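Q: I would like a close look at a single part of this structure. Please build the picture step by step, in short sentences.

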Amino acid sequence: MNILFRAKVIIKRRPSILDPQGKAVEKGAQHLGLNNIRDTRIGKFIEFTVDTKDKSAAEKEVNDYCAKLLANPIMEDFEFTLDQI
Amino acid sequence: MTKPKFGVVIFPGSNCDYDAFYVLRKLYDFDVNFLWHKDSDLKNSDMIILPGGFSYGDYLRTGSIARFSPIMNSVIDFANKGGYVLGICNGFQILLEAGMLPGVLLKNNSLQFVSKDVYLSVESNSCLYTKGIELKKVLKVPVAHGEGNYFTDEETLKELNDNNQIVFKYSSPEGKPGEEFNPNGSLQNIAGIVNKKGNILGMMPHPERASDPVLGKTDGRLVFDSIGKYFYN
């Protein structure tokens, strides 16, 4: 019988890539009077379920999904967690 | 003279497909077919155009989902065998996502969508697309994009330079490339690159929108003139 996992993926811009969006948002923080905010970087959070026979099969599939579609390895790094539902 | 036969791919969200079709068919009398993204038949095309637009709503990343359309498998096979592929704007973004050209297009450094005429200097004329254009010639052509900020690692950038793969740079009206003329912050003011073999060109500006005299500018025609003139020569 298959097991259902909840996958949560975080995609971040690689540190070497400038993030003008993060910078613009941080300016907003300063306008709010939040003067201690530094190094704002904007990424993506994606969640979905995976229906596989075991955890290692789920890991492989999620890793493929991230590496081939969800993230572009030239500019982004990804990490994910898998929790059995 | 035998004329090349074109295939213009339509993705859901393409919006410069008819512009490209119109220029090739009506202004040049070339043989042109539309290619639907769900099909895989390239209809014996000699050159594939990936047009501008917002394929798949630009969801996830520009070009990232279009890259997996059935037609793209055929386009990749075709290009691997030396077939000519021209990606304009969103088409360039798709070429990069598909790994057919190196690098990536980031959000414009201004964070703004930029729609205006720019000047391009022709930096390389060793590929078919610019073979008929004088080196350093300046073209006035429009851009219209939110993600045109070309980026790649240093090693790839060096390779692009060493192999003469940087075809267009944003420049002054006199042809001097410079950051002040660059609408998006791209590395080295890059506006268009070609692969090493010279058969795949990706460019952010729209030559097809600067071809009909009715639109007030015709410098884009130099690219299509070059293709028409040298395809079978």
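The request comes first, and one connected answer follows.

Q: Please take helix α5 of chain B, residues 221-230. Which of its residues are buried, and what covers them? Then place the helix in its chain, and set that chain beside chain A.

A: One point before we start: this is a predicted model.

Begin with the helix. Helix α5 covers residues 221-230 of chain B. Five residues in this helix are worth marking: B:Val223, B:Phe224, B:Ser226, B:Ile227 and B:Gly228 are buried. Buried here means under 20% relative accessible area. Keep one general rule at hand. An α-helix makes a turn every 3.6 residues, so residues three or four places apart point the same way. Try that rule on the buried positions as you turn the model.

Now look at the cover. Several elements of chain B lie over the buried residues of α5. Among the strands are β1 (5-10), β3 (47-50) and β4 (84-88). Strands β7 (138-145) and β9 (166-171) also take part. Helix α1 (17-27) is included too.

Next, step back to the whole chain. Chain B holds five helices and 11 strands. Of its 233 residues, 59% count as buried. Contacts also reach along the sequence. Take the contacts between residues at least 6 apart: 74% of them join residues at least 24 apart. The overall form can be checked as well. A compact globule of 233 residues would have a radius of gyration near 17 Å, and chain B agrees because its value is 16 Å. Along the principal axes, its C-alpha trace spans about 40 × 40 × 35 Å.

Two residues show the contacts in detail. B:Phe34 sits in strand β2, residues 31-36. Its C-alpha atom is 5.6 Å from that of B:Gly7, although the two are 27 residues apart along the chain. Leaving out residues up to four places away in sequence, B:Phe34 touches B:Val8, B:Ile10, B:Asp17, B:Tyr18, B:Phe21 and B:Lys43.

B:Asn149 belongs to strand β8, residues 149-151. This residue counts as buried because its relative accessibility is 9%. The side chain of B:Asn149 reaches the backbone oxygen of B:Lys107 at 3.3 Å. Beyond four places in sequence, the residues that B:Asn149 touches include B:Val104, B:Leu105, B:Asn184 and B:Leu187.

The loops deserve a glance too. B:Asp58 is in the loop between β3 and α2 (70-80). Phi of B:Asp58 is near 60 degrees, a positive value in a residue other than glycine. B:Asn189, in the loop between β9 and β10 (190-194), also has phi near 60 degrees. At 10% relative accessibility, B:Asn189 counts as buried.

Finally, turn to chain A. Its elements run β-α-β-α-β from the N terminus on. Of its 85 residues, 28% count as buried. A compact globule of 85 residues would have a radius of gyration near 12 Å, but chain A has 17 Å. The C-alpha atoms of chain A fill a box of roughly 55 × 25 × 15 Å along the principal axes. The accessible surface of chain A comes to about 5,800 Å², with 54% belonging to carbon and sulfur atoms. For chain B, the surface is about 9,600 Å², and carbon and sulfur atoms account for 47%.

Technical notes. Residues are numbered from 1 along each chain as its sequence is written. Chains are lettered from A and ligands numbered from 1 in the order in which they are written. This is a predicted model: local features need pLDDT of at least 70, side-chain atom pairs count only at pLDDT 80 or more; totals for chains, interfaces and linings use all residues. Side-chain values use heavy atoms; hydrogens and water are left out. Helices (H or I, at least four residues) and strands (E, at least two) are DSSP runs, numbered from the N terminus. The radius of gyration is taken over C-alpha atoms; the globule rule is 2.2 Å times the number of residues to the power 0.38. Buried means under 20% relative accessible area, exposed over 50%, partly exposed in between (1.4 Å probe, protein chains only). Contact means heavy atoms within 4.5 Å. Accessible areas come from the Shrake-Rupley method with a 1.4 Å probe; for residues, only the protein chains shown count as cover. A polar contact is a pair of N or O atoms within 3.5 Å; within protein, one must be able to donate a hydrogen and the other to accept it, and residues adjacent in sequence count only if both atoms are side-chain atoms.
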